[in-house]
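Work through the exercises below with the sequence and the coordinates open, and try each task before reading its solution.

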Amino acid sequence: MLSGVTLREHLTIVHLVVGNALVTTTREQLRASHPVRRLLKPFTYRTVAVNRGARNLLTSELSLLHRAVALDAAGLHAAFNASISLARAQLDPLSDALLGAAEPPLRVSPSATPFAHDAAAFRAVVRRMVSAYVLEYYESDQALLDDTQLRAFWTALRAWFARLPALADGGEVVEGAWPLQRTRARTPRETLVDALTSLVVHVTAVHKHVGPAGEYVRDPRYAGAKIRPGAEVADVQAAVQVLSIALVTGFRQPMLIDDYTHVLLRDEHLGATRRILDRFQAELAELSREVRRKNRARRFKTQAFDPARLSTSVSI
């Protein structure tokens with residue numbers, strides 16, 4: 001599990017690609033007073049610090065991860081390089097696919113799995129907030145395209161994701177339900193909104209889904225990172241090594257349901273942006289209640305997209 005989910009999905013895709021791309025592009029291309037940087041501030045919280053720590057504790061030779069899994073140094077480096085290359089080539093921030101999956105879970109009928117239903121509901125809440133915020137600051141697509149800082153931000157973001165198109169050429173968006181679906185061109189503002197929504201979903205809900213390992217490795221008879229020849233379960237050394245990773249990545253961080261209005265710009269839009277974030281928090285709380293209510297009747301319960309369990313970023 002650690003060689004697959006923790007190394008590829010959690011550490012590489014969510015932390016080193018998505019989280020790193022989000023914090024790097026905002027800090028390097030957007031001034032501290034830029035509205036989009038203010039919007040993304042909670043979702044990039046402590047990303048630099050935790051990824052620096054991951055470089056020292058998890059990605060290098062003889063690190064905690066190297067000692068815990070059944071890979072030699074060359075195998076560990078090859079796994080990281082392959083995962084980064086694959087993520088940057090396949091991840092499409094304009095898609096509803098999670099972790100660059102070939103078959104996006106969000107396109108499954110909501111009634112098919114609780115995971116798909118909750119994922120679609122959470123993404124919709126995030127998108128409504130991002131859309132309202134972007135429309136508040138950019139009254140037209142041309143106003144957005146005239147923002148030189150935002151264009152630089154988008155160019156930098158495209159360097160991270162090979163499938164991300166130009167801001168003025170966002171491809172097509174599908175509207176309506178089958179068989180009455182129709183396609184139309186995605187506007188520049190919609191392109192920005194869809195990309196930011198996907199990145200926020202990854203650093204919040206997807207990070208929560210693929211990140212926590214403690215509940216799986218608590219009992220070495222259930223899951224372990226490596227098994228010695230002739231053994232059926234991890235030995236004491238292997239169990240302690242994997243538990244050490246779970247412990248150093250299990251500290252509580254700022255939660256998604258909280259008041260983040262302090263990051264907003266004190267400008268003429270403040271009244272509207274406060275209302276946008278207040279409505280976002282109210283919708284998150286309602287979605288959490290809905291997920292918990294549905295889980296009581298579900299055969300397969302899911303907590304991956306319960307906003308009450310999500311932190312704001314890849315801060316740990």
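The exercises go from the whole chain to single residues, each with a worked solution.

The model is predicted, so that local features need pLDDT of at least 70 and side-chain atom pairs count only at pLDDT 80 or more, whereas totals for chains, interfaces and linings use all residues. Residues are numbered from 1 along each chain as its sequence is written, and side-chain values use heavy atoms, with hydrogens and water left out.

**Exercise 1. The fold in outline**

Task: Determine how many helices and strands the protein chain has, and in which pattern they follow one another.

Solution: Begin with the DSSP runs, where a helix is H or I over at least four residues and a strand is E over at least two, numbered from the N terminus. Counting these runs gives 12 helices and two strands. Reading along the sequence then gives the pattern α-α-α-α-α-α-α-α-β-β-α-α-α-α.

**Exercise 2. Overall dimensions and surface**

Task: Compare the radius of gyration of the protein chain with the globule rule, and then describe its box, burial, contacts, surface and charges.

Solution: The radius is taken over C-alpha atoms, and the rule is 2.2 Å times the number of residues to the power 0.38. For 316 residues the rule puts a compact globule near 20 Å, and the protein chain, at 20 Å, agrees with it. Next, the C-alpha atoms fill a box of roughly 65 × 45 × 40 Å along the principal axes.

For burial, take buried as under 20% relative accessible area, exposed as over 50% and partly exposed as in between, with a 1.4 Å probe and protein chains only; buried residues are then 48% of the 316. For contacts, meaning heavy atoms within 4.5 Å, consider pairs at least 6 apart in sequence: 70% of these join residues at least 24 apart.

The accessible surface, from the Shrake-Rupley method with a 1.4 Å probe, comes to about 15,600 Å², of which carbon and sulfur atoms supply 54%. Finally, count Lys and Arg as positive and Asp and Glu as negative, leaving out His and the chain ends, and place each charge at NZ of Lys, CZ of Arg, CG of Asp or CD of Glu; the mean positions of the 41 positive and 31 negative charges are 5 Å apart.

**Exercise 3. Helix 3 and its flanking loops**

Task: Compare the end-to-end span of helix 3 with that of a straight helix, list its buried residues, and examine phi at Arg46 and Leu62.

Solution: The expected span is 1.5 Å times one less than the number of residues. Helix 3 (residues 47-59) has 13 residues, and its end C-alpha atoms lie only 16 Å apart, short of the 18 Å of a straight helix. Its buried residues are Thr47, Val50, Asn51, Ala54, Leu58 and Thr59. An α-helix has 3.6 residues a turn, so residues three or four places apart point the same way.

Ala49, also in helix 3, counts as partly exposed because its relative accessibility is 35%, and its C-alpha atom is separated by 10.0 Å from that of Val314, 265 residues away along the chain.

Turn now to the loops. Most residues other than glycine have a negative phi. Arg46, in the loop between helix 2 (35-40) and helix 3, has a positive phi of about 60° and is partly exposed at 36%. Leu62, in the loop between helix 3 and helix 4 (64-68), has a positive phi near 65° and is exposed at 52%.

**Exercise 4. Two buried residues**

Task: Locate Ser83 and Arg186, classify their accessibility, and find their contacts beyond four places in sequence.

Solution: Ser83 belongs to helix 5 (residues 73-90), is buried at 7% relative accessibility, and contacts Leu7, Arg8 and Thr12.

Arg186 sits in the loop between strand 2 (182-185) and helix 9 (188-210), and its 12% relative accessibility makes it buried. Its contacts are Leu94, Gly170, Gly171, Glu172, Val173, Thr191 and Asp194. In the loop that also holds Thr187, that residue is partly exposed at 27%, and its C-alpha atom lies 8.8 Å from that of Glu172, 15 residues apart in sequence.
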